[in-house]
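Please open the structure in your viewer and keep the selection tool at hand. This tour moves from one selection to the next and says what can be found at each stop.

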Amino acid sequence: MTWWHALIDAGAVPGSYVPPPSPAALARDEAEGTAPPDLVEDAELQAHAVPSRPGVIPPAVSFLNGMARWSVVAYDGVAQIVNAYVAAAVCRRDERGVLHATHERSRAFAIAPMERVSPALRPLLEHAAPDIEPVDSELVGEPARYLEQVESTVRRARAHLERELAEACIDRLGADEWLVLDGLLSRSPAVARHPRALGVIKSHGAQFLEGRGLERALTLPAGYRTSVFAVRGGHTRTEVYSWYLRLWPWEGNDLLYGLLRVEARADRETVTRASALSGWLWAERAPLATPATRWDRLLYPLHHVEEYLKARAPRSPAVRSRLPVA
Amino acid sequence: MIDTAIPIAIGRVVATELKPATPHQFHFWTPTDTTIGIGAIVKVGAGSQEPGDERVVYGVVTEGFAYSDLATPLHDVVGAEGDPARADEAPTARQQIRYWTAAVLRQTPEEPLQPVPLGQVYVADDADVAQALRMDAFLYSATPTAIPVGLYTSAGRDAPVYLDADFLLGPEAAHLNISGVSGLATKTSAVEFLLASIFAHFPAHKGRVAAVCFNVKGPDLCFLDQPGDLSEEDRHRYDRLGVPSTPFQRVRLYAPLKADGVNLNTLRTHPDLVGDVEPLTWGLQEVVDYAEVLLNRDDIDAKADAFIDFLRDRVLGRTFDDGFGTTHRVQTFADLGRLFRSIFDGLEITAGGRSDTWRTHHIATMRKVRNRLLNISTRCKGLVTDDGPSSDLPWNAFEDRTVYVIDIANVDPLGQDLVFARVVSKLREQLERRELGVDAVVVFVDELNKYAPGDGPETYVKKMLLDISERGRYLGLVLFGAEQFRSQVHRRVVGNAGTQLFGRMDMDELATPGYQVLTPATKSKLATLPIGELMVRHPHFTQPIFVRFPKPPVLRGRDGVERFPPAADVPFEDAVVRHLVRLDRRVRPNQVKDLIADREPEDVRRALAAARRTRPDDVLAYFRKVLGARVDSEAGVPREHHAVPPLNPISDEPY
């Protein structure tokens with residue numbers, strides 16, 4: 001019996017609601033409160049062609065990605081009690097190109113406004129749920145905003161897990177091995193300073209450029225990258241170097257189609273290697289990460305890690321409902 | 001050898017709403033580099049630690065699928081930018097699956113019959129194979145009846161597969177049918193191996209067993225007593241199956257003579273081997289009982305039957321007055337020819353041509369029967385003798401675990417039919433009387449497409465094959481039949497075969513309705529089956545099983561002809577010498593040649609046949625004695641003339 005079944009047996013109303021992802025969730029990787037960037041390559045942001053044939057793809061690469069899944073599973077009055085699951089994994093690519101999971105962490109927890117949970121259910125919740133993430137009770141009366149708060153809590157939990165895993169991974173990274181993360185490199189200072197770690201960001205909620213530079217970045221042709229610029233972002237405010245890379249032609253689609261932002265260590269060597277690294281990532285376009293909706297920006301190995309995590313995640317409580325989903 | 005190593009799971013059963021596990025079928029996945037394939041036997045369960053969860057399911061892989069997470073082929077094109085060469089440059093391999101469908105062979109416990117549990121999948125070891133194929137009942141019983149048919153091989157393992165003698169040789173079921181394309185299906189080799197296996201493993205409590213093989217193609221079965229070349233792998237397989245890798249210890253070869261009456265009509269005429277070949281010659285007495293074989297569909301009528309019965313009951317072997325003043329004693333074709341001539345002359349001369357019946361039989365009927373009977377002595381000269389005694393199989397003294405090969409490859413088709421009909425009929429008669437000398441006889445007949453076609457006329461041979469198929473198992477008369485196209489053999493012949501083997505098959509044949517129960521993958525495997533591998537269906541096996549069998553331990557026909565090239569026909573005198581020396585080593589060639597120098601060949605042949613039949617202590621003396629006077633088969637009736645030529649041996653005359 002799950003902890004929420006215990007609640008339901010004790011009088012809570014069963015729930016089965018997974019809100020659609022909010023724009024904030026999609027832009028989860030964007031640094032909050034970023035500072036204006038400084039160009040570290042070229043005097044003005046330029047478009048550079050990446051090598052169409054990559055020189056060297058690192059023989060050993062590990063890819064890190066995470067996932068989050070949550071749903072409202074019970075109601076105590078209007079207080080929504082949420083079951084959440086976050087997980088992250090690292091898959092290492094072998095010499096045959098096959099990915100094997102090497103690191104994995106997960107966390108299943110309850111999210112509840114503990115102060116608004118009825119006295120009858122609260123002890124039960126505290127006893128039955130092994131891991132509770134309390135949230136502010138003020139928004140309980142506003143269900144939509146409350147769920148945004150829940151979503152943010154889950155996102156933070158996922159980011160925390162990914163950061164922990166990334167740090168654990170780079171500690172054991174081989175001499176020539178690279179780590180590619182889905183998202184910000186700058187979440188962890190240790191990772192952000194590692195010479196063989198790359199962050200691949202596919203959401204562009206925040207813009208780092210403006211004016212002519214922004215225009216050049218958003219209209220990059222496929223197979224081009226921008227000049228490297230310095231970004232100081234994330235909670236840690238660790239500086240990293242970054243550049244945009246277009247994997248697929250945007251013409252006929254939208255400005256962000258096939259557009260990646262890459263983060264790497266803030267070091268001159270990064271500037272030197274930006275084209276070579278871009279050529280490597282360009283080669284990672286195939287195989288396509290379909291059927292993911294954002295396959296144009298999602299590298300297949302990162303997609304694979306996500307699918308791996310989904311396959312291993314506990315079954316979503318929502319799918320237990322046999323009623324059609326509205 | 002039972003493998004007691006701790007099993008390692010090689011897959012896991014999966015079931016979805018669209019593809020659920022059922023009591024008779026399940027699906028599982030394996031790593032992409034798995035060693036299993038179509039035909040592999042797997043085991044589900046037995047690894048569970050849950051108390052009470054002891055269900056074990058055995059299955060055979062019948063279908064395999066591989067696919068990746070590619071949503072549409074177009075995405076691969078896009079990813080490679082339309083250049084197939086670039087598709088290989090992708091640094092990451094797509095996630096792939098090897099997904100297999102297996103048909104359930106057995107569940108333990110058998111009841112309650114439930115869907116296959118979603119458990120781990122293991123490769124079957126020896127003990128599992130025995131369980132899966134329900135061989136434990138006849139392999140480990142107090143009176144085992146297991147006959148090795150080959151090795152099941154998969155995932156680097158091999159396990160013997162056994163047939164149940166009670167279902168292969170009777171009485172529960174019987175008969176074996178083997179199909180496959182010519183040259184690649186190794187049908188003859190499979191039967192040779194299986195006969196060796198039967199001889200090695202036929203249980204003592206079931207009695208004695210022998211085999212009769214009709215050699216209808218070249219030298220196929222002419223060297224069963226000679227060792228062939230075996231590889232180390234073959235020898236290992238023999239060891240594994242517990243079958244000696246030696247040629248048949250007891251082989252008796254029979255071949256008719258050529259038209260000259262002294263040289264053998266076989267490809268085993270090399271001087272080193274020809275001495276082991278017994279002549280097969282029949283006279284009128286042996287042929288007339290199977291006169292129906294000689295009649296085609298148009299001939300078969302009540303009048304002809306009645307006249308043949310009359311000859312058989314009233315004339316043959318008896319002193320008989322033809323009504324025109326001549327007394328006959330018909331023992332040979334020559335005697336029969338004289339009888340007919342006497343009757344026709346009598347009707348023409350005595351009756352003045354006004355009567356066309358004799359003893360209620362119309363002259364046309366008599367002419368027809370005469371033509372058919374006397375034609376055989378010309379068409380099958382050497383097998384059927386005009387005049388003289390027969391040399392036949394030892395009908396009362398068949399020996400245990402002996403192969404009797406009858407080489408009729410070079411005999412006229414009509415003669416082949418006659419040999420087949422008579423041999424099988426005699427086997428049946430002797431088995432019914434329990435006088436054959438053995439309790440069971442395997443009759444191997446190749447080319448069932450020719451002898452028992454699904455369509456075409458109802459020939460005597462086809463009726464005989466049907467009779468064996470349907471009733472032989474009660475007598476111990478077992479048919480091992482082979483053909484290229486199973487779909488074109490009479491349904492009751494193949495349908496009554498309890499055990500069926502399939503070598504490499506033709507795709508057109510596999511498209512016929514008889515193979516609808518096989519999955520496309522199984523059909524594909526059958527169409528590409530390597531030499532030495534067979535698919536087996538047996539009453540104990542709920543699904544077809546693929547096995548490998550070793551090369552037979554005997555010299556193949558083609559190799560035999562190369563190693564022992566057939567000798568050219570020897571001159572008449574030398575052939576006579578050879579026959580007599582074979583009967584008695586003391587015989588000196590010059591003595592024989594002097595003896596027959598001024599003799600009529602027919603007289604010499606008769607004397608030789610008499611010596612062969614009598615086998616006296618002093619062969620030369622006996623031969624001299626018989627040659628000195630008229631050699632009479634039984635009664636010593638004076639011989640008036642030589643062989644009776646047919647009226648028109650190859651005409652289309654309706655008689």
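Two residues are said to be in contact if their C-beta atoms, placed from the backbone, lie within 7 Å. With that in mind, begin by selecting chain A of this predicted model, where, among contacts between residues at least 6 apart in sequence, 67% join residues at least 24 apart. Chain A has 8 helices and 13 strands, and of its 326 residues 46% count as buried.

**A helix in chain A**

Next select residues 268–283 of chain A, which make up helix H7, a helix of 16 residues whose first and last C-alpha atoms are 23 Å apart, close to the 22 Å expected at 1.5 Å a residue. If you look along helix H7 of chain A, you will come to a bend of about 55 degrees at A:Ala274. A:Ala274 is also one of the buried residues of this helix, and others among them are A:Thr270, A:Leu277, A:Trp280 and A:Trp282. To see what the buried residues of H7(A) pack against, add strands S9 (197–201), S10 (224–226), S12 (238–246) and S13 (259–265) of chain A to the selection.

Move on to the loop between H7 and H8 of chain A, where A:Pro287 lies. The peptide bond from A:Ala286 to A:Pro287 is cis, with omega near 0 degrees. It is worth pausing here, because most peptide bonds are trans.

**Where the chains meet**

Now show both chains and ask how many residues of chain A are in contact with chain B. There are 17 residues of chain A in contact with 12 residues of chain B. Helix H8 (residues 300–312) of chain A gives the most to the side of chain A that touches chain B, with 3 residues. Colouring the residues on that side of chain A by type would give 10 nonpolar, 3 polar and 4 charged.

**A hairpin in chain B**

Turn to chain B and select strand S7 (residues 146–154), in which 8 of the 9 residues are buried, so that this strand is largely enclosed by the rest of the structure. Add strand S8 (residues 157–164) of chain B, which runs antiparallel to S7(B) and is joined to it by 8 bridges. The two strands S7(B) and S8(B) form a hairpin with 2 residues between them, and B:Ala155 in the turn has a positive phi of about 55 degrees.

Stay with this hairpin and centre the view on B:Ala146, whose place is in strand S7 of chain B. Is B:Ala146 buried or exposed? B:Ala146 has 23 other C-beta atoms within 10 Å, and because 20 or more are enough for a residue to count as buried, B:Ala146 is buried. The bridge partner of B:Ala146 in S8(B) is B:Asp164. Not counting residues up to four places away in sequence, B:Ala146 touches B:Met135, B:Phe138, B:Leu139, B:Tyr162, B:Asp164 and B:His201. You can also draw a distance from B:Ala146 to B:Phe202, which is 56 residues away in sequence but 7.8 Å away in space, C-alpha to C-alpha.

**The nonpolar cores**

Which residues have the most contacts inside the largest nonpolar core? They are B:Val42, B:Val161, B:Val441 and B:Val443, in a core of 185 residues. Select B:Val441 and, leaving aside its neighbours within four places in sequence, look for its contacts, which include B:Ala210, B:Val212, B:Leu427, B:Leu436 and B:Val478. A second, separate core of 92 residues includes A:Val61, A:Leu99, A:Val191 and A:Phe229. In soluble globular proteins, nonpolar side chains tend to be buried together.

**Last stops in the loops of chain B**

Select B:Pro109, found in the loop between S5 and strand S6 (120–123) of chain B, and look at the bond joining B:Thr108 to B:Pro109, which is a cis peptide bond with omega of about 0 degrees. Go on to B:Thr360, in the loop between S15 and strand S16 (361–362) of chain B, which has a positive phi of about 70 degrees although it is not a glycine. B:Thr360 counts as exposed, with 10 C-beta neighbours inside 10 Å. Finish at B:Arg401, in the loop between H12 and strand S17 (403–407) of chain B, where phi is near 50 degrees, again a positive value in a residue other than glycine. B:Arg401 is partly exposed, with 18 other C-beta atoms within 10 Å.

Technical notes:
Residues numbered from 1 in each chain as written. Chains lettered and ligands numbered in written order. Predicted model: local features only at pLDDT ≥ 70, side-chain atom pairs only at ≥ 80, totals over all residues. Core = buried A, V, L, I, M, F, W, Y, C linked by C-beta atoms within 7 Å. Buried ≥ 20, exposed ≤ 12 C-beta atoms within 10 Å, placed from the backbone. Helix = DSSP H or I, 4+ residues; strand = E, 2+ residues; numbered from the N terminus. Nonpolar A, V, L, I, M, F, W, Y, C, P; charged D, E, K, R; others polar. Pairing = 2+ DSSP bridges. Expected span 1.5 Å × (residues − 1). Bend = angle between axes of the 7 residues up to and from the residue.
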